[in-house]
Amino acid sequence: MKIDDNFYMKLAIDEAWKYQLLTYPNPAVGCVIVKDGKLLAIEAHKEAGMPHAEINALKAAYLKVNPNSVVKTKSSSSDIHEFFLKNHNDFFNDCDIYVTLEPCNHIGKTPSCANLLKELKPKRVIISVKDPNKTAAGGLETLKNANIDVSIGILEEEGLNLLLPFISWQNKSCIFFKMAQTLNGSIDGKISGNRALAYVHTLRDKIDLLVIGGNTVRIDKPTLDARYIAGRSPNVMIYSKNKIFDNNIPLFKIPNRDVIISDDLFKLLDYKFVMIEGVYTLLDKLKERIDFFVLIVNSKIKNGQNALNDIDIDFEILHENFIGDDKIMFLKRK
């Protein structure tokens, strides 16, 4: 295996995918820091309002060499910025910093990463893609104006794939489909392991609307909350022509939640970040509305309902990794 810019950027991209969708409304971003040929940090942005990928990586890299540094006690982006501005002691001058997205150039909930890197003066900053958000863009020029060696376009296609959800919710309603199945395609009953379930509940905590089919509600009688992480339960739209449901089904009992029963797909456009939880029948009906697809595959084989024979959709795999014993795949239609 060749250890080059592509290798390190792939590490950054893979790390960012672990937090895909969980950073809403921010993009998923990864960062790797290499010093004198030694890999010091592989980090990512993990949640909106929390330190960006570059800040997490700078802290991790510094602690790798200085494990007793007081920066270990600092968690806010502002505090970490302030520490490095005063105490970097040229530590990063011989570092290569790989980041999947152009470092932000504006001050929002967190300080500007580009302005911090400008002061730290790393040897090189290697970027996959420019920031499509005009408010945050401009970091590339800031770094170049500070005479820092900057490269851009490394694994650009993979970097753009990573940004697909962010670009979707920047420009319109972002609608994605989540489904779980076994190795042999069974979709009946409890399928995913606890770590994958926690991930799905974290998604529910982030979204504005959860869509589910009427038959699933009648048969499974779900709660559709985020109890695995003690999170916020999303509003629910039950996609159904038949508007009659048993009000004792748990999802109707969640406080501070709106439940819509409708077959009008235009209602999805009233929300910014929408997750459809379902199986093949619902997928077939809503496929034209979906920006991307999240498939969770458990490594078991079991009896149960399987794929409908008349579904024919070609997907491109954007990324795949594991959550515990489950494989998670991010797909888009070809």
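This briefing covers helix packing, one sheet, the cysteines and the surroundings of Tyr8. The model is predicted. Helix H1 packs against helix H6, and H6 in turn packs on an open sheet of eight strands. The disulfide count is zero.

**Helices H1 and H6**
- H1 spans residues 5-17 and H6 spans residues 156-171; their axes are 11 Å apart and make an angle of about 10 degrees.
- Because angles under 35 degrees count as roughly parallel, H1 is roughly parallel to H6.
- On the H1 side the contact involves Ile13, Ala16 and Trp17, and on the H6 side Glu158, Gly159, Asn161 and Leu162.
- Sorted by class, the residues of this contact are four nonpolar, two polar and one charged.

**The eight-stranded sheet**
- The strand order is S9-S8-S7-S10-S6-S11-S13-S12, and the pairing is mixed.
- Strand S9 (259-262) and strand S12 (315-323) form the edges, each pairing on one side only.
- On average, neighbouring strands are turned by 20 degrees against each other, with direction ignored.
- Strand S7 (residues 209-213) pairs with strand S8 (residues 235-239) in the parallel sense, over five bridges.
- Within this pair, Leu209 has Asn235 in S8 as its bridge partner.
- H6 touches strand S6 (174-182), strand S10 (273-277), strand S11 (292-298), S12 and strand S13 (326-333) of the sheet.
- The direction of H6 makes about 95 degrees with that of S12.

**Cysteines**
- With a disulfide taken as two cysteine sulfur atoms within 2.5 Å, the model has zero disulfides.
- Cys31 is in no disulfide, and the nearest cysteine sulfur, in Cys113, is 8.6 Å away.
- Cys31 has 0% relative accessibility and so counts as buried.
- For Cys104 the closest cysteine sulfur is also that of Cys113, at 3.8 Å, which is too far for a bond.
- Cys104 is buried as well, with a relative accessible area of 7%.

**Tyr8 in H1**
- Tyr8 lies in helix H1.
- The relative accessible area of Tyr8 is 10%, so Tyr8 is buried.
- Leaving out residues up to four places away in sequence, Tyr8 touches Ile3, Val32, Val34, Gly37, Leu39 and Tyr98.
- One of these contacts, Leu39, is 31 residues from Tyr8 in sequence, and the C-alpha to C-alpha distance between Tyr8 and Leu39 is 8.8 Å.

Note on methods. Residues are numbered from 1 along each chain as its sequence is written. This is a predicted model: local features need pLDDT of at least 70, side-chain atom pairs count only at pLDDT 80 or more; totals for chains, interfaces and linings use all residues. Side-chain values use heavy atoms; hydrogens and water are left out. Axes are lines fitted to C-alpha atoms, for helices over the stretch in contact, and angles run from 0 to 180 degrees between N-to-C directions. Helices (H or I, at least four residues) and strands (E, at least two) are DSSP runs, numbered from the N terminus. Angles under 35 degrees count as roughly parallel, over 145 as roughly antiparallel, 65 to 115 as roughly perpendicular and the rest as oblique. Contact means heavy atoms within 4.5 Å. Ala, Val, Leu, Ile, Met, Phe, Trp, Tyr, Cys and Pro count as nonpolar, Asp, Glu, Lys and Arg as charged, and the others, Gly among them, as polar. Two strands pair if DSSP finds at least two bridges between them. Buried means under 20% relative accessible area, exposed over 50%, partly exposed in between (1.4 Å probe, protein chains only).
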